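What follows is a walk through one structure, taken a part at a time. Please keep the sequence and the model in view while reading.

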Amino acid sequence: MNRSFVRRLLCFLACLLTVTLVTADEPQGNDNQSNDKWLEPARSRLMHVIGGMPFFPHRANTPGNLVLNAKDFDSAQVCGACHTEIYKQWRTSMMSQAWDEPIYRALLKRASTATEGTVDNFCTGCHTPIGLTTGQINSQVNRSSIEDSAKNHPMPGVDCETCHNISARTGLDNGAYVLSPRAHGKPTKFGPRKDAVSPYHDTVYSALHTRSDFCGTCHNVTHPFSSVAVERTYDEWQESAYSFNNVTCQSCHMPSFAGKAAIMGPDREEVASHWFSGANAMMLKHLGQEVGAQRAREMLARAAEIQFQPLPAAIIPGQYTSVAVKVSNVGAGHKLPTGFPEGREMWIDFRVLDASGRELYRLGSIKDGKTEKNTRNFKVHIGDKDGNPLDVEVWNATQILSDNRILPKGYDIGEFSFLVPADAVGPLTLTAELNYWPFSQKLADYLLGKNQVQVEITQMAKVTQSIPLSTSLPAAGPDTAHF
Ligand code: HEC
Ligand code: HEC
Ligand code: HEC
Ligand code: HEC
Ligand code: HEC
């Protein structure tokens, strides 16, 4: 008890000192005004604090900023022996696969090679925090195949030991957590309970684990050199109505269940679940985690609504018609979609059929592995210094080119305009499907090789309405079709 207090006090003082040094270090002003508010403290200043970033350019810290001993960490299976339910849930999540899933490793290999290893520590500090802080990361490991590294350097993704040895944070992005195994010389787990007693490890109450800023350390990614806000899930949440109403990441991604947190522990009304369901149904299915994939589809279905704005009572053949479609973010506590900017995309697939089944119009189909040109999509686009869009090379990013993703509790209204031929057979059926994929087929083919994986398109919501053709007005002649 006492020692833990002294430790925390020391830790707090050390942080205070760091922050003071950091702010005192350089004159005011930042070279990248637009990102100022996200940087805490400004990256350029942090780099000057000797030892402030022992795993530079990642922001992970350890006690004394020393490299940790891999032997101080148990594998998740060991924890799973007692925490059976929690272990089963976590196994179906993307975070359990954060190190050895193929899209990550394919991009990591490219990033490591293209930057001559400059981003080696960076990319691994969130995808295998224990791998990085135990000194197992180097370019060779980062460029090896999943099979080779699993055999020669097995490392966990984001596992039990990662999260439950986090004792504090020093910032709000780029993995600014403090990983402290054996905080008291014995295995100590930081968790949400004040009354947890375990025969295997000490437990320490951690308010941090009950809050969103715990997740924010990894779910805010800033380019370590250009300061571009690459991923901003935490900040998106923080600026939303959810944060004001204390609906946290945990509320939606770790909803409680009634049962036991550990087999020999007490029955509890509310135990924090560890499904961590998100949106990547496609990758979970590929990894054989069908339960996790199905849960991700359900999350996606809960996130959005799609509606037609009031439609005309009848459509006049031979003329152009416009209809407006409203897409609302009703369930995601951050932008929709959020996260990995090269990939995450949501779009409307809009179709008009006539009564004979003929497709009169469609916008939002897949062409050449991508959503077709002019598709009404919701996505962030990052760019390099010359303003070229980047589909893959995020390490060259210096700016956000555009971002039309839907804010939490926000909506977007878009128009579709189409020509109804004079010989169309009424009534018409208008359908708008809201779709999502974590990355395009084209990106998957590029990273993994052609047709290695089939990217799943997940339908989030759908609306269909039928409209009669107007018979009172004469159908226009065929040459109306040319304007
Ligand atoms: C021998 C059984 C056993 C093993 C192995 C075990 N635990 Fe526990 N753990 C428990 C029990 C019992 C509790 C208390 C549960 C309760 O009070 O509901 C607990 C509680 C916890 C808590 C909650 C602490 C709090 O204060 O909220 C965390 C976190 C935790 N364990 C993590 C781990 C991790 C990580 C591992 C693997 C390194 C692990 N445990 C291995 C039995 C075990
Ligand atoms: C991404 C981080 C993360 C990972 C990975 C993770 N946990 Fe947790 N765990 C948390 C957080 C955060 C809480 C507290 C949630 C809350 O209070 O709403 C928690 C709560 C717990 C609790 C207490 C549950 C309760 O309500 O009594 C136990 C026990 C636990 N975790 C064990 C584990 C085990 C075992 C694993 C690995 C199979 C694991 N955790 C993986 C973040 C994580
Ligand atoms: C140590 C870093 C770290 C922490 C802390 C962390 N995450 Fe993650 N999380 C990741 C990484 C890395 C991935 C991506 C894994 C992948 O797809 O390769 C991820 C993925 C996810 C996903 C799945 C996204 C998808 O595409 O389906 C969800 C949901 C998620 N995290 C929620 C949380 C929540 C909630 C918390 C806090 C309780 C949290 N994370 C804390 C690193 C972290
Ligand atoms: C109000 C509920 C809610 C809150 C609060 C919330 N989320 Fe989500 N989250 C969702 C839903 C629903 C989805 C699935 C739709 C989507 O992709 O946005 C999701 C998806 C995600 C994804 C996967 C996105 C993708 O496309 O890859 C990540 C990562 C994630 N959440 C992390 C977080 C983190 C971190 C926090 C806290 C800062 C948080 N969420 C807060 C509901 C919530
Ligand atoms: C600060 C933590 C952090 C750092 C640093 C980081 N990532 Fe991630 N990464 C995440 C999180 C969180 C997600 C999940 C976001 C989501 O689900 O949309 C993710 C998702 C991804 C994905 C998508 C995986 C999938 O299956 O869809 C890839 C690929 C990826 N990261 C590659 C990288 C590379 C390459 C680097 C280094 C240039 C890097 N990451 C650095 C946290 C990080």
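Which residue of β19 is the bridge partner of Arg351? The partner is Thr431. This pair, like everything described here, comes from a predicted model.

The bridge between Arg351 and Thr431 belongs to a longer pairing. Strand β11, residues 345-353, and strand β19, residues 428-437, run antiparallel and are joined by 9 bridges. β11 has further partners. With strand β12, residues 359-363, β11 pairs in the antiparallel sense over 4 bridges, and within that pairing Phe350 is matched with Leu363. The two strands β11 and β12 make a hairpin, with 5 residues between them. In its turn lies Gly357, whose phi is positive, about 90°. Another strand, β15 (residues 377-378), also pairs with β11 in the antiparallel sense, through 2 bridges; here Met346 has Phe378 as its bridge partner. β11 is mostly covered, as 8 of its 9 residues are buried.

Another strand, β20, spans residues 458-467 and contains Thr458. Is Thr458 buried or exposed? A residue is called buried when 20 or more other C-beta atoms lie within 10 Å of its own. Thr458 has 20 C-beta neighbours inside 10 Å, so Thr458 counts as buried. Some of its surroundings come from distant parts of the chain: Ala279 is 179 residues away in sequence, yet the C-alpha atoms of Thr458 and Ala279 are separated by 9.1 Å. Setting aside neighbours within four places in sequence, the contacts of Thr458 are Ala281, Arg297, Leu300, Asn435, Tyr436 and Trp437.

Next comes a helix. In α17, residues 441-448, the buried residues are Leu443, Ala444 and Leu447. They cover an arc of only 100° around the axis, and therefore lie on the same side of α17. An α-helix has 3.6 residues a turn, so residues three or four places apart point the same way. Which helix do the buried residues of α17 pack against? They pack against α5, residues 102-114. After α17 comes Gly449, with a positive phi near 105°.

The model also holds ligands, and the residues around each can be described in turn. Ligand 1 is surrounded by 27 residues, of which Cys79, Cys82, Gly191, Arg193 and Gly265 are the closest. Two or more residues of this shell come from each of α3 (76-82), α10, β3 (188-191) and β4 (202-205). The largest share, 4 residues, is that of α3. By class, the shell around ligand 1 has 15 nonpolar, 7 polar and 5 charged residues.

Ligand 2 is likewise surrounded by 27 residues, the closest being His83, Cys160, Cys163, Pro192 and Ala272. At least two residues of the shell are supplied by each of α3, α4 (84-91), α10 and β8 (267-272). Which of these gives the largest share? α10 does, with 4 residues. The shell around ligand 2 divides into 16 nonpolar, 9 polar and 2 charged residues.

Around ligand 3 there are 25 residues, and the closest are Ala98, Cys215, Cys218, Gly278 and Asn280. The elements that give two or more residues to this shell are α6 (120-127), α10 (160-164), α11 (212-216) and α14 (249-253). α14 gives the most, with 3 residues. In this shell 15 residues are nonpolar, 9 are polar and 1 is charged.

Technical notes: Residues numbered from 1 in each chain as written. Chains lettered and ligands numbered in written order. Predicted model: local features only at pLDDT ≥ 70, side-chain atom pairs only at ≥ 80, totals over all residues. Near = placed C-beta within 6 Å. Nonpolar A, V, L, I, M, F, W, Y, C, P; charged D, E, K, R; others polar. Buried ≥ 20, exposed ≤ 12 C-beta atoms within 10 Å, placed from the backbone. Arc of directions from axis to C-beta. Contact = placed C-beta atoms within 7 Å. Pairing = 2+ DSSP bridges.
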